[in-house]
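Hello,

Here is the structure I promised to pass on to you. Have it open while you read, and take your time with each part.

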Amino acid sequence: MRDIYDQIHELEGMPRLTKHEQFVQGIINAVDNRVVAVGDLLPSVNKLMNELGFARETIMKGYKELIKRGIVESRNRMGFFIASADTGQSLRIALLLYAFDTFQETFYKTFKKNLDPEVHLDVFFHHNNIDILDTIIGNIRGKYGMYVVAPIPNPRTRDILKNIPLDKFLMIDRFEQMDGDFSYVTQEFEQATYKAFCELKDVITHYDEFIFYYRPSTDTPIEILRSFKRFIKEYGIKGTIQTEYTPGAITRGKVYFTINNTELWAMLKDCMNKNLDPGIDVGILSHNDDMVKEIICGGITTYSTDFRLMAEEAAVFVMSGKPVKKIIPTTLIRRKSL
């Protein structure tokens, strides 16, 4: 422990070096000089105050910066520990996504592109499983300078995420209420879905039935289900909710709406096999746009938020630390299929 203090004391009197910078660089030097190693316990704030004569605020600010860089981690009620010997990195970010679907890949690539080159980014996937989310957060808390999380709509989510300091937390994609003042860059589902349906009402009513495939156990937002029920009731449209698409079931004269891309591809394959023309014989609507939907079968009608814009806004937050509360708009993109 004495050697750590010596590393900090050695920087005393250096021109233009503040006490905060002296503390941070002293810890970094202790790591680089192998005075401390990964997993070692660092002095408490009180011990550092007594030894260095620094204010509590100065030491806490220094520890926070070292945590943000990923060099130090804070363990609840245990203290501060060396988390990484890579002292050259300026910021470590944990990104928690549902899975590596096409639109989440778009988010990831755009997000990474807009970060500073020296930033270290780790990606985790919870697959809409609350136990996996709980395990991931438990394993990584205190080890990153920023946490960007796509949450799960679950009663346990609030308690799990409260383990992350709010000034280092950004909620993305889906909004879930939490305690305290936190930042988010998300999309909205219920009103956006209803608006898209209303814009498509005239073409939907040309068909005999509107079928929505909704899987309650997946990450499909329940807000979309509520919008579907509201739409068919208010406009007197024959609508059906089914749990999954059965290959070969596509029928002339119906509109099909799915959020699952695997189901979408199966529908389009069945259209080819049955010589059904999307947009004429059947209607097809999908959620979350991507390049494939733009070109396949003459184009698939979608409504989607802009995941590139969401990623750009998220990158601004993690690089600046400036609080943000933003809902990214959802847009209907009309193509041949409906």
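Below is what I found, one region at a time.

Please keep in mind that this is a predicted model.

**The sheet**

A good place to begin is the open sheet of six strands, which pair in parallel in the order β4-β3-β5-β6-β7-β13. Its edge strands are β4 (120-125) and β13 (325-327), each of which pairs on one side only. On average, neighbouring strands in this sheet are turned by 10° against each other, ignoring direction. If pairing is new to you, strands of a sheet pair through backbone hydrogen bonds, either parallel or antiparallel.

To see one pair in detail, look at strand β7 (residues 183-187), which runs parallel to β13 and is joined to β13 by three bridges. You can find Tyr184 there, with Lys325 in β13 as its bridge partner. A helix also packs on the sheet: α5 touches β3 (92-97), β4, β5 (146-149) and β6 (169-174), and the direction of α5 makes about 170° with that of β3.

**Helices α5 and α13**

Helix α5 (residues 102-113) has another partner, helix α13 (residues 307-320); their axes are 8 Å apart and the packing angle is about 40°. Because of that angle, α5 is oblique to α13. The crossing of α5 past α13 is right-handed. From α5, the contact is made by Phe103, Thr106, Phe107, Thr110 and Phe111. The residues on the α13 side include Phe307, Met310, Ala314 and Val318. Sorted by class, this contact of α5 with α13 has nine nonpolar, two polar and two charged residues.

**Helices α2 and α4**

Next, try α2 and helix α4 (residues 56-68), whose axes cross at roughly 45° and come within 9 Å. This makes α2 oblique to α4, and their crossing is right-handed. Lys19, His20, Phe23, Val24, Ile27 and Ile28 in α2 meet residues of α4, among them Thr58, Ile59, Tyr63 and Leu66. By class, the contact of α2 with α4 has seven nonpolar, three polar and three charged residues.

One residue here deserves its own look: is His20 buried or exposed? His20 sits in helix α2 (residues 19-32), and it counts as buried because its relative accessibility is 13%, with the cut-off for buried being under 20%. Apart from neighbours within four places in sequence, His20 is in contact with Thr58, Lys61, Gly62 and Glu65.

**Helices α8 and α10, and Lys201**

The last helix pair is α8 (residues 190-199) with α10 (residues 222-234), which pack at an angle of about 35° with their axes 8 Å apart. Here too, α8 passes α10 in a right-handed crossing. Residues of α8 in this contact include Tyr194, Phe197 and Cys198, while those of α10 include Ile224, Phe228 and Phe231. The contact of α8 with α10 divides into six nonpolar, three polar and five charged residues.

Phe231 comes up again with Lys201, which lies in helix α9 (residues 201-204). Not counting residues up to four places away in sequence, Lys201 touches Phe231 and Tyr235. How far apart are Lys201 and Ile237 in sequence and in space? They are 36 residues apart in sequence and 9.3 Å apart in space, from C-alpha to C-alpha. Lys201 counts as partly exposed, because its relative accessibility is 24%.

Enjoy exploring, and write back with any questions.

Best wishes

How values were computed:
Residues are numbered from 1 along each chain as its sequence is written. This is a predicted model: local features need pLDDT of at least 70, side-chain atom pairs count only at pLDDT 80 or more; totals for chains, interfaces and linings use all residues. Side-chain values use heavy atoms; hydrogens and water are left out. Helices (H or I, at least four residues) and strands (E, at least two) are DSSP runs, numbered from the N terminus. Buried means under 20% relative accessible area, exposed over 50%, partly exposed in between (1.4 Å probe, protein chains only). Contact means heavy atoms within 4.5 Å. Axes are lines fitted to C-alpha atoms, for helices over the stretch in contact, and angles run from 0 to 180 degrees between N-to-C directions. Angles under 35 degrees count as roughly parallel, over 145 as roughly antiparallel, 65 to 115 as roughly perpendicular and the rest as oblique. A crossing is left-handed if the near helix is turned anticlockwise from the far one by less than a right angle, and right-handed if clockwise. Ala, Val, Leu, Ile, Met, Phe, Trp, Tyr, Cys and Pro count as nonpolar, Asp, Glu, Lys and Arg as charged, and the others, Gly among them, as polar. Two strands pair if DSSP finds at least two bridges between them.
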